[in-house]
Amino acid sequence: MKNMKFETRVIHVGGEPDPTTGAIMPPIYQTSTYVQSSPGEHKGYEYTRSHNPTRTRLEECLASLENAKHCFVTASGLSASTLIMHMLPKGSKIICGDDVYGGTYRLFAKVFPDIHEFKFVDTTDLKNLEKEIQAFKPALVWLETPTNPLLKISDIAAVSVLAKKANALVVVDNTFMSPFFQNPLDQGADIVLHSMTKFINGHSDVVGGAMMFNSDEIREKIFFYQNAIGPCHSPFDSWLVLRGIKTLAIRMKAHEQNAFKISNFLENHPKVEKVVYPGLKSHPQYELAKKQMKGFGGMITFFLKGGINESRRFLENVKLFALAESLGGVESLVDHPAIMTHASIPKAVREQLGIHDNLIRLSVGIEDSDDLMADLEYAFSKV
Ligand SMILES: *Cc1c(COP(=O)(O)O)cnc(C)c1O
């Protein structure tokens, strides 16, 4: 399958018919344990916290999509991040982007400071990052690109070169682009991380995380902590993701097509102050986006003219866009980061980053784009 295209691999890797019955869809191995023929003699599966055949299929598929040798799926995106933190020796230093997912920020700023030392920096500024790497000497650099919600883009290849010189690992949270639009390992990153909850599953009915990498050494460590700590993905949820992922390629194309139209609509709207979408020429890193991504994705951030009251009016009047946290599903969602997803970031830090009260984030679904724009127009008319 290695030489086949993404669209083929996403359906067939891990999707082989069941060898015992011929069932074209994989069975859900809803089992906690496996019978052994003699003590220690088994077919590669002992206990579902450690291994499960349905999960193995999903891991094979995801490894293929990120051009990786190994993949582990976990109970949530954040539990994947947690395992990476545990893999590092106590007292490690970590440089993390200053505009990462709110939950990642909370994990690093509130849970792990007893164990590791963190520094949050603007990873889009390579000169500054180089200085910070030399001074701080991190064991790991954590990138999220594009970021959430400001869609800032870090140069994965350039950051990987800087990190490698300092013997630091590079992790890229690739949730926003999905493996269809961006493959960080090909650009020099060591680990790529996804919240499968978002585009990979795509149907807003599963929580899960995934990590892909090529190093056997990292594989040993992550497997040890995954098994020792226990945040494993349930067989049923793995099966649902195997089902949802089959349409990842066509979903991503549809998300992007709609997002293009809507970003243009917003950019020309009198009630909008500014639009941020990597596919717009007005995006400050449009050239870098074109270079390192195969597409621009389905996430749009915009600033409404006005403040918190105008934002509330708008958010209370959208009907098709559901007001909800999360993103990446087939249905369109709208989020107010300052009150919802990024509330765990202190207000002063939020303001400094540019997450103001008039910032609205759209996860553009795959409905009809005219219907989506009509919905936004109605909400604007109420502001
Ligand atoms: C949602 C999200 C996470 C966390 O994933 P969960 O599955 O919710 O634990 C991490 N990074 C990004 C960019 C996300 O959007």
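Buried area is the accessible area that two parts lose on being put together, summed over both. Keep that idea handy, as we'll use it right away on this structure, which is a predicted model.

Let's start with the big picture. The protein chain is split into two domains: domain 1 covers residues 6-245, and domain 2 covers residues 248-381. If you take the centre of each one over its C-alpha atoms, the two centres sit 26 Å apart. Where the domains touch, domain 1 puts 44 residues into the contact and domain 2 puts in 43.

So how much area is buried between domain 1 and domain 2? The answer is about 3,400 Å², with carbon and sulfur atoms giving 62% of that. On the domain 1 side, three residues are worth finding on your screen: Ile153, Phe181 and Phe199. Together they supply 23% of the area that domain 1 buries against domain 2, more than any other three residues.

Charged partners turn up at this interface too. Across the interface of domain 1 and domain 2 there are 2 salt bridges. Now look for lysine 291 and aspartate 155, whose side chains form a salt bridge with 3.4 Å from N to O.

Zoom out to the whole structure and the count of salt bridges is 14. Another one to look up joins the side chains of arginine 57 and glutamate 16, at 3.9 Å from N to O. This pair ties together distant parts of the chain, since arginine 57 belongs to helix H2 while glutamate 16 is in the loop between H1 and H2, 41 residues apart.

Helix H2 is a good place to move on to empty space. Rolling a probe the size of a water molecule over the atoms shows where empty space is left. The largest pocket here has a volume of about 260 Å³. Its lining is made up of 16 residues, and the ones nearest its centre are Thr56, Glu59, Cys71, Phe72 and Arg219. Which parts of the fold supply at least two residues each to that lining? They are helix H2 (53-65), strand E1 (70-74) and helix H8 (216-229). H2 gives the largest share, with 5 residues. Sorted by class, the pocket lining has 4 nonpolar, 7 polar and 5 charged residues.

A pocket is open, but a cavity is a space where the probe fits and cannot get out. How many cavities of 30 Å³ or more does the whole structure hold? There are 2. The largest cavity contains about 60 Å³ of space. Among the residues lining it are Val10, Ile11, Pro26, Cys61, Leu242 and Lys246. Helix H1 (6-12) and helix H9 (235-245) each bring at least two residues to this lining. By class, the lining of the largest cavity has 7 nonpolar residues, 2 polar ones and 1 charged one.

The second largest cavity holds about 50 Å³. Its lining takes in Gly97, Asp98, Asp99, Val100, Tyr105, Phe120, Ile345 and Leu353. In terms of class, that makes 5 nonpolar, 1 polar and 2 charged residues.

Finally, let's walk along the backbone and pick out a few local details. Head for the loop between strand E4 (140-144) and helix H6 (156-165), where you'll find proline 146. The peptide bond joining threonine 145 to proline 146 is cis, with omega at about -10 degrees. Proline 149 lies in the loop between E4 and H6 as well. What kind of peptide bond runs from asparagine 148 to proline 149? It is cis, with omega near 10 degrees.

One last stop is serine 178, which is in helix H7, residues 178-181. Check the phi of serine 178: it is positive, at about 65 degrees, although this residue is not a glycine. Helix H7 also brings us back to where we began, as its residues run from 178 to 181, and Phe181 is one of the three residues that we met at the domain interface.

Definitions and conventions: Residues are numbered from 1 along each chain as its sequence is written. This is a predicted model: local features need pLDDT of at least 70, side-chain atom pairs count only at pLDDT 80 or more; totals for chains, interfaces and linings use all residues. Side-chain values use heavy atoms; hydrogens and water are left out. On a 1 Å grid over the protein atoms alone, a cavity is a set of points where a 1.4 Å probe fits but cannot get out, and a pocket is an open set with protein on both sides within 12 Å along at least five of seven lines; lining residues have an atom within 4 Å of a point. Grid points are joined across faces, edges and corners, and a volume is the space filled by probe spheres set on the points. Helices (H or I, at least four residues) and strands (E, at least two) are DSSP runs, numbered from the N terminus. Ala, Val, Leu, Ile, Met, Phe, Trp, Tyr, Cys and Pro count as nonpolar, Asp, Glu, Lys and Arg as charged, and the others, Gly among them, as polar. Domain bounds come from an automatic or database domain assignment. Contact means heavy atoms within 4.5 Å. Buried area is the accessible area (1.4 Å probe) that two parts lose on being put together, summed over both. A salt bridge is a side-chain nitrogen of Lys or Arg within 4 Å of a carboxyl oxygen of Asp or Glu.
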